[in-house]
Structures are given as C-alpha cells and as structure tokens.
Amino acid sequence: MSDKSNLTRRRLLAAAGAAPLALAAGRAFAQTAEGQPMPGNAALPEPMEARMGWAVVGLGSYALGQVIPEFPAARQSKLAAFVSGNPAKARELGGRYGVEHLYDYRTYDRMADNPAIDCVYIVLPVGLHAEYAIRALEAGKHVLCEKPMASTSAECEAMIAAAKANDRQLGIAYRVHFEPHNREALRRIRGGEIGAMRHIHCDHGFNASLQWPPHKWRLQKALGGGGSMYDVGIYGINTSLMMLDEQPVAVSAEYAYPSDDPRFTEVEGGIDWRMRMASGINVQGSSSYCYGPYAARQRYFGSDASIIMDPATTYYDNTLVMDGGGPRREIGAGNSREQFAAQLDGFSEAARANRPHLTPGEMGLRDIRLIEAMYRSADNGGAVIEL
Ligand code: NDP
C-alpha cells in the first residue's frame with residue numbers, strides 16, 4: 001500500500017518552464033510524422049539481443065490482457081522488466097514471461113542503471129502518467145505513455161519538457177494509428193476514394209461499474225483525470241483528426257448523462273461534442289460511461305462515398321465498410337490484433353533513431369487541450385469555444 005501512496009507525489013516542477021504549444025502545432029507534427037517508415041516494418045525479426053528492451057509499468061487489466069501477450073508478435077521489441085506495486089504478481093509474471101528485472105514504485109528510478117531497459121511503457125491510471133513518465137525520462141529512458149496522456153495540459157507540457165531536457169522520445173499509445181483497418185481508411189480518404197470529406201460522426205462508450213477496480217479509478221477525478229471524454233471520447237477526437245489534414249478551430253460540448261447517477265459524483269458520465277474545422281467540416285461525437293454494452297464507431301461522409309467503421313477502435317475486430325462508388329461492401333484490411341506489436345515496434349524504431357514517434361507527446365497534449373476546451377464549453381451550457 002505504501003508503494004501506491006507514493007504514487008500520489010507530483011514531480012511536475014518542469015511544468016513551470018514548459019513553453020506553451022499552440023494547437024496549430026499539431027499541423028507541424030503531422031508533417032513530421034509523414035515520411036517516416038511504416039510503423040513496425042522491419043523486413044525480418046531482429047535477433048533478441050538486438051531488440052529494444054521494454055519495461056512495462058503497472059500490471060493491470062490492459063497490460064496483462066493486451067500489452068504483454070503481444071510482445072512475442074513484435075520484431076524489434078522485447079520484454080525486459082516489470083514494475084508493479086504487487087511483488088507476488090510481478091514475480092509470477094516474471095517467471096511466466098522470462099522477465100528477470102522486477103521493480104516497484106520505490107525502486108523505479110533504479111532503472112536508470114539498467115542498460116537492458118531502453119523503453120518504458122506507462123500503463124498506470126491516468127492521474128499517475130505524468131509523474132512516472134517524467135521519472136522514466138529523467139532516468140534516461142524513452143517513454144510510451146498510455147492514452148489519455150495526463151490529467152491536465154500542464155502535466156502534458158511538463159512531460160514534453162522532460163523529454164526534451166533529457167533528449168529522449170515521448171510517445172502516446174494511440175494504437176489506432178497502427179491498426180490495419182484504420183490505416184486502410186486513411187489510405188482511401190487520402191487517396192480521394194470518398195471524394196471531399198464532408199462530415200465525421202463518432203460514438204465511443206461503455207457501461208462503467210463502480211464495483212470493478214479498473215472502472216472505479218476511472219470514476220475518480222484524481223486518478224481518471226476526467227470522465228468518459230478522457231477515457232473513450234479521446235478515441236473519437238484522435239481517430240477523426242488522424243483522417244483529416246487540418247486541426248480544429250472551435251469546439252462545443254454538452255454534458256449528457258443521468259443527473260442522479262451515483263457513479264458520476266467526480267467525473268462526467270457522458271458528453272455530446274463537436275469540433276469545427278477551418279474548412280467547414282464538423283466532427284460530431286459522443287462519449288459515455290452509460291452505453292451498453294460498448295460503442296466504438298467512426299463514420300466518414302464524403303461527397304462521393306462514405307466509410308463506416310463499426311467497430312472502429314476495438315482490440316481485435318474492427319471493420320471497414322465502403323458505401324458508394326459501387327455496391328456497399330466490406331473491405332478486408334488485415335488482422336486488428338497486429339496493432340499492438342506494430343505500435344511497440346514503431347516506438348522501438350523511433351526510440352532507436354531518437355526521432356519522433358508517429359503519435360508523439362505533442363499529439364497527446366493537443367487532445368487534452370481539446371478536451372479541456374470541451375469541458376469549458378459544457379460548463380458554459382454548450383458555448384462555442386474558439387481555439
Ligand atoms: P487497471 O486498473 O486494470 O490497471 C492499472 C494498474 O496500475 C494496476 O493494476 C496497478 O498495477 C497499477 N496502479 C498503481 N497505482 C495504482 C492506483 N493508485 N490505483 C490503481 N492502479 C494502480 O487499469 P487499465 O489497465 O484498464 O488502464 C491502465 C492504463 O491503460 C490507463 O491509462 C488506460 O487509459 C489505458 N488503457 C488503454 C487502452 C487502449 O486501448 N489503449 C485500453 C485500456 C486501458 P500493479 O498492481 O502492478 O502496481
């Protein structure tokens with residue numbers, strides 16, 4: 001327990017010196033990302049001794065269910081260490097996956113002395129992302145941090161400043177950028193197959209439970225950062241902007257959830273939101289902790305055709321349907337599962353070359369700033385917030 005209480009410490013002094021990044025900077029990093037190698041595209045699997053070594057921090061449901069089991073599919077990345085507040089769990093997993101370097105949250109900074117660790121993957125509750133990302137960067141490691149990047153834009157700025165100060169890479173784990181159906185949708189949209197983009201609509205949500213520990217912290221502001229918008233609405237923002245060649249100029253939002261629901265005393269249960277682009281395109285979405293069983297869909301409406309992805313952002317079973325330009329048809333784009341290893345290898349490649357990841361910290365900061373602006377709008381009855 002003492003390990004966990006240590007986690008509440010904040011080491012965000014760097015925030016004071018962090019230069020504010022304009023939302024418009026998103027354009028610059030999008031261009032930087034273009035022209036980079038296709039993520040995870042090593043011609044052959046590298047020998048184990050040549051691969052980048054990863055420490056996984058926080059052995060919870062996502063780390064155990066998706067992140068760790070996908071390492072064997074990677075070609076340039078290998079497991080090197082586990083960090084956990086539960087030593088018995090860490091030992092058991094260490095034995096199962098052949099991982100000999102085990103740390104807890106007090107011994108965390110000793111990773112600095114371990115050359116087997118190149119990259120640190122933060123899979124902790126959101127409220128702990130900034131502290132543990134900054135500590136890993138200060139230990140000289142590259143950091144891939146789960147989404148959403150952190151609780152506030154000030155924390156995100158501090159993380160970016162720490163990456164720069166230590167000359168390390170900081171990426172945000174937006175796995176959708178590495179997922180075959182979404183990459184195929186991007187290719188078709190950029191290739192003009194739906195004509196001019198007219199509108200994007202997206203919905204993301206599930207039914208949150210106060211009884212299940214991984215949901216419980218999501219309903220607490222200190223650990224969740226925010227509500228459904230932080231946890232799943234962010235997929236709608238990030239995935240939609242992935243498909244567009246411009247950044248939003250205004251946002252608006254309204255809260256949408258049962259007012260007497262005991263789950264939502266600290267964070268919002270749902271939001272209906274909108275982003276307006278300079279070109280006139282609107283992206284409209286909803287996020288919710290009250291949808292059953294699960295919503296994860298994106299729809300792209302073009303002048304000639306539409307792309308319907310329902311689901312669009314799940315782990316294993318995304319789909320892509322083209323409607324228009326011929327009969328309505330499902331497009332086979334590959335195995336969604338590949339996104340996990342592709343993301344690991346994409347970050348390993350970026351870290352090895354010490355160049356920005358496809359989805360860098362600046363992208364995470366952009367999205368948190370957008371959500372903060374949406375909350376300002378919702379707090380003001382849905383007023384339009386110019387960016
Ligand atoms: P869990 O609650 O299942 O796991 C979090 C783990 O963090 C815990 O098991 C624990 O591991 C560690 N931890 C340390 N301190 C605390 C604390 N005070 N309270 C709770 N846990 C603590 O959460 P998830 O795995 O669902 O989420 C973890 C991160 O992954 C979040 O950032 C989330 O947004 C992200 N995520 C991303 C997904 C994606 O598709 N990209 C999907 C799901 C989650 P230990 O006991 O080892 O210390």
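A polar contact is a pair of N or O atoms within 3.5 Å; within protein, one of the two must be able to donate a hydrogen and the other to accept it, and residues adjacent in sequence count only if both atoms are side-chain atoms. In this predicted model, a polar atom of the Thr319 side chain lies 3.2 Å from the backbone oxygen of Asp310. The briefing starts from that residue and then turns to the sheets, the helices, the cores and the backbone geometry.

**Around Thr319**

- Thr319 is found in the loop that runs between β12 (306–309) and β13 (321–323), and Pro311 is found in the loop between β12 and β13 as well.
- With a relative accessible area of 19%, Thr319 counts as buried, because the cut-off for that class is under 20%.
- Once its neighbours within four places in sequence are left aside, Thr319 is in contact with His181, Ile308, Met309, Asp310, Pro311 and Glu330.
- Asp310, whose backbone oxygen takes part in the pair with Thr319, is joined to Pro311 by a cis peptide bond with omega of about 10 degrees.

**The nine-stranded sheet**

- An open sheet of nine strands with mixed pairing follows the order β14-β13-β12-β11-β7-β10-β9-β8-β15, and its edge strands, β14 (329–330) and β15 (385–386), each pair on one side only.
- Within this order, β7 (residues 197–207) and β10 (residues 282–288) pair in the parallel sense over seven bridges, and His201 stands opposite Gln284 in β10.
- Helix α12 (residues 361–379) lies across β8 (248–255), β9 (270–277) and β15, and its direction runs at about 50 degrees to β8.

**The six-stranded sheet**

- A second open sheet, of six strands with parallel pairing, has the order β3-β2-β1-β4-β5-β6.
- Because β3 (101–103) and β6 stand at the edges with a single partner strand each, one side of each is left without a neighbour in the sheet.
- Neighbouring strands of this six-stranded sheet are turned against each other by 25 degrees on average, with direction ignored.
- Strand β1 (residues 52–57) pairs with β2 in the parallel sense over six bridges, and the bridge partner of Gly53 in β2 is Lys78.
- Helix α4 (residues 87–97) lies across β2 and β3 and runs at about 160 degrees to β2, while α11 packs on the sheet by touching β1, β2, β4 (119–122), β5 and β6, with a direction that makes about 120 degrees with that of β1.

**Helix α7 and its surroundings**

- Eight of the 11 residues of helix α7 (residues 180–190) are buried, so the helix is largely enclosed by the rest of the structure.
- The buried residues of α7 are Pro180, His181, Asn182, Glu184, Ala185, Leu186, Arg188 and Ile189; His181 is also one of the contacts of Thr319.
- These buried residues pack against β7, α10 (228–243), β11 (290–302), β12, β13 and α11 (338–353).
- Just after α7, Gly192 takes a positive phi of about 80 degrees.

**Nonpolar cores**

- The largest nonpolar core has 85 residues, of which Val120, Ile122, Trp273 and Met275 touch the most other members.
- Domain 1 (48–176) and domain 2 (177–335 + 358–386) both give residues to this core, so the core lies between them.
- Another core lies apart from it and holds 25 residues, among them Trp54, Leu59, Ala74 and Ala173.

**Backbone geometry and a loop proline**

- Most residues other than glycine have a negative phi, and most peptide bonds are trans.
- Lys147 and Pro148 are joined by a cis peptide bond with omega of about -20 degrees, and Pro148 is found in the loop between β5 (142–145) and α6 (153–165).
- Asp167, in the loop between α6 and β6 (170–172), has a positive phi near 55 degrees although Asp167 is a residue other than glycine.
- Asn354, placed in the loop between α11 and α12, has a positive phi of about 50 degrees and is not a glycine either; at 25% relative accessibility, Asn354 counts as partly exposed.
- Pro72, in the loop between α3 (61–67) and β2 (77–83), is exposed with a relative accessible area of 66%, and the C-alpha atoms of Pro72 and Tyr97 are 9.8 Å apart in space, with the two residues 25 residues apart in sequence.

Terms used. Residues numbered from 1 in each chain as written. Predicted model: local features only at pLDDT ≥ 70, side-chain atom pairs only at ≥ 80, totals over all residues. Heavy atoms only, no water. Pairing = 2+ DSSP bridges. Helix = DSSP H or I, 4+ residues; strand = E, 2+ residues; numbered from the N terminus. Contact = heavy atoms within 4.5 Å. Axes fitted to C-alpha atoms, helices over the stretch in contact; angles between N-to-C directions. Buried < 20%, exposed > 50% of the residue type's maximum accessible area, 1.4 Å probe, protein only. Core = buried A, V, L, I, M, F, W, Y, C linked by side-chain atoms within 4.5 Å. Domains from an automatic or database assignment.
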